[in-house]
Amino acid sequence: MAVFNQVEFDNHEQVVFCADEASGLRAIIAVHSTKLGPAVGGCRLWDYAKDEDAVYDVLRLSKGMTYKNAVARLPFGGGKSVIIGDAKEIKSEALFRAFGKHLERLGGSYYSAEDVNITTGDVMMMHKETNYVLGLEGKSGNPSPFTALGTFLGIKAAYQHKHGHQDLAGVKVAVQGLGAVAYGLCKHLHEAGAQLFVTDINQASIDRVVSEFGATAVGIDEIYDLDVDVYAPCALGATLNDNTIPRLKATVIAGCANNQLAESRHGEILREKGVLYAPDYVINAGGIINVYYETKPEGYNKEQATKHVEGIYDTLTEIFARSESEQKSTHIIADELAQEIIAQGL
Ligand code: NAD
């Protein structure tokens, strides 16, 4: 398997393969950069078909965290970890403690946290063996309301740039996925007077926002064909692709989902179409910003965390302005901004 020549390798500082025979642990920890601080990024538990897929995924996600943390102006580098296996079968205290021992061995160059299939409870088990974990129970708490706030402010920043005002009263917003973040986002949007069109694969989640926020429920695939002003992807990745982009009528795309562009070229297609895309890792950084405040020596402070999350509005405004003046797509500008911050320091 080629590693150093993979595009995703991108000068990773360290990649560690971890195993523990007794608990069945097989994991990979990737530290992309510690230039701005210790690498921080969650741990994903996934049943990868091949080891190569796990390597590809962890390298890609780890590099993404370097960029995300830099643009959020956090004193964190980027890293990520994956545990390989079926979440329904392999979870055990022994497995998470064995993983915690591997984190401990890295001596603080990488801090882990929750991600897909890893709960706060799982992180608490890692914590029995190491302090190099974040997002613990009883500290900064649930990150989702902060991600929701950042996403809401990101929609306002995008609307301001595109239409010269940020009054969302009567603005039609299509929200795809109504999970932990999107519920909070819908609440903010409803309070701002927006008209909501929503979809989810879970009927109970739909019923809740229909009854609480007067949202209109639409079909899973219908969401792409609506005559709306804003499309907010809040469920899956890769929903901006060759099939959906020609169908979308929104002038603004701004949501919390990770990896919204199926391929980088789709960002450029959106720009050519005159659609303003809020780069995913910039708009959805509210959760990681909040987690940062639990590392403060003086302890977690909600007001400080909220103020920092509110900065997402200004960061996106800067990205939109540069995108226009340099005639480059917003996701490219976001990457360039990250590279500048990493090179210059915070
Ligand atoms: P979640 O699991 O609570 O919600 C996801 C929702 O999407 C669920 O309600 C699910 O039923 C729905 N869904 C799944 N497939 C769907 C489909 N095909 N069509 C419509 N809906 C579908 O997750 P979350 O924490 O709200 O995160 C949502 C997205 O935001 C994810 O991409 C996540 O990676 C990203 N994100 C979340 C945070 C955070 O703080 N939670 C931070 C950054 C990024």
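Which residues does Asn-117 touch, not counting residues up to four places away in sequence? Keep that in mind while you load the view. The model is predicted.

**Stop 1: Asn-117**

Select Asn-117. Its contacts beyond four places in sequence are Arg-44, Leu-45, Trp-46 and Ala-87. Asn-117 sits in the loop between β6 (110-111) and α4 (120-127). Check the backbone here: phi is positive, about 70 degrees, although Asn-117 is not a glycine. Asn-117 has 17 C-beta neighbours inside 10 Å, so it counts as partly exposed. Now add Phe-4 to the selection. Phe-4 and Asn-117 are 113 residues apart in sequence, and their C-alpha atoms are 28 Å apart in space.

**Stop 2: Arg-73**

Move to the loop between α1 (51-71) and β5 (77-84), where Arg-73 is found. Arg-73 is not a glycine, yet it has a positive phi of about 55 degrees. How many other C-beta atoms lie within 10 Å of Arg-73? There are 16, and Arg-73 is therefore partly exposed.

**Stop 3: the two domains**

Colour the chain by domain. Domain 1 covers 7-65 + 76-127, and domain 2 covers 144-344. What distance separates their centres? Taken over C-alpha atoms, it is 27 Å. Now look for the contacts between them. Six residues of domain 1 are in contact with four residues of domain 2.

**Stop 4: the largest nonpolar core**

Select Val-175, Leu-185 and Cys-186. These three touch the most other members of the largest nonpolar core, which holds 109 residues. Where does this core lie relative to domain 1 and domain 2? Both domains give residues to the core, so it lies between them. A general point applies here: in soluble globular proteins, nonpolar side chains tend to be buried together.

Stay on Cys-186 and show its contacts. Leaving out residues up to four places away in sequence, Cys-186 touches Val-175, Leu-178, Leu-196, Val-198, Val-209, Phe-213 and Ala-215.

**Stop 5: α5 against α6**

Select residues 144-163 for helix α5 and residues 180-191 for helix α6. The two helices pack with their axes 8 Å apart, at an angle of about 45 degrees. α5 and α6 are therefore oblique to each other. Their crossing is right-handed.

Show the contacting residues next. From α5 come Ser-144, Pro-145, Thr-147, Ala-148, Leu-149, Thr-151 and Phe-152. They meet Ala-180, Val-181, Gly-184, Leu-185, His-188 and Leu-189 in α6. Leu-185 was also part of the previous stop, among the core residues that touch the most other members.

**Stop 6: α5 against α11**

Keep α5 and add residues 302-326, helix α11. Is α5 roughly parallel or roughly perpendicular to α11? The helices pack at about 30 degrees, with axes 9 Å apart. That angle makes α5 roughly parallel to α11. This crossing is right-handed.

The α5 side of the contact includes Phe-146, Leu-149, Gly-150, Leu-153 and His-161. Among the α11 residues they meet as a group are Ala-305, Val-309, Tyr-313, Leu-316 and Phe-320. Pick out Leu-149: it takes part in the contact with α6 and in the contact with α11.

While α11 is selected, find Glu-303, which is in this helix. Glu-303 has 8 other C-beta atoms within 10 Å and is therefore exposed. Add Gly-286, 17 residues away along the chain. The C-alpha atoms of Glu-303 and Gly-286 are separated by 13 Å.

**Stop 7: α1 against α12**

Select α1 and residues 330-344, helix α12. Their axes come within 8 Å and cross at roughly 80 degrees. α1 and α12 are therefore roughly perpendicular to each other. On the α1 side, show Thr-66, Tyr-67, Ala-70 and Val-71. They meet Ala-334, Asp-335, Leu-337, Ala-338, Ile-341 and Ile-342 in α12.

**Stop 8: Ala-250**

Finish in the loop between β10 (230-233) and β11 (252-253), which holds Ala-250. Is Ala-250 exposed or partly exposed? It has 19 C-beta neighbours inside 10 Å, so Ala-250 counts as partly exposed; 20 or more would make a residue buried. Beyond four places in sequence, Ala-250 touches Ala-174, Val-228, Asp-229, Val-230, Tyr-231 and Val-275. Ala-180 is 70 residues from Ala-250 along the chain, with 24 Å between their C-alpha atoms.

Definitions and conventions. Residues are numbered from 1 along each chain as its sequence is written. A nonpolar core is a set of buried Ala, Val, Leu, Ile, Met, Phe, Trp, Tyr and Cys residues joined through C-beta atoms within 7 Å. A residue is buried if 20 or more other C-beta atoms lie within 10 Å of its own, exposed if 12 or fewer, and partly exposed in between; C-beta atoms are placed from the backbone. Domain bounds come from an automatic or database domain assignment. Two residues are in contact if their C-beta atoms, placed from the backbone, lie within 7 Å. Axes are lines fitted to C-alpha atoms, for helices over the stretch in contact, and angles run from 0 to 180 degrees between N-to-C directions. Helices (H or I, at least four residues) and strands (E, at least two) are DSSP runs, numbered from the N terminus. Angles under 35 degrees count as roughly parallel, over 145 as roughly antiparallel, 65 to 115 as roughly perpendicular and the rest as oblique. A crossing is left-handed if the near helix is turned anticlockwise from the far one by less than a right angle, and right-handed if clockwise.
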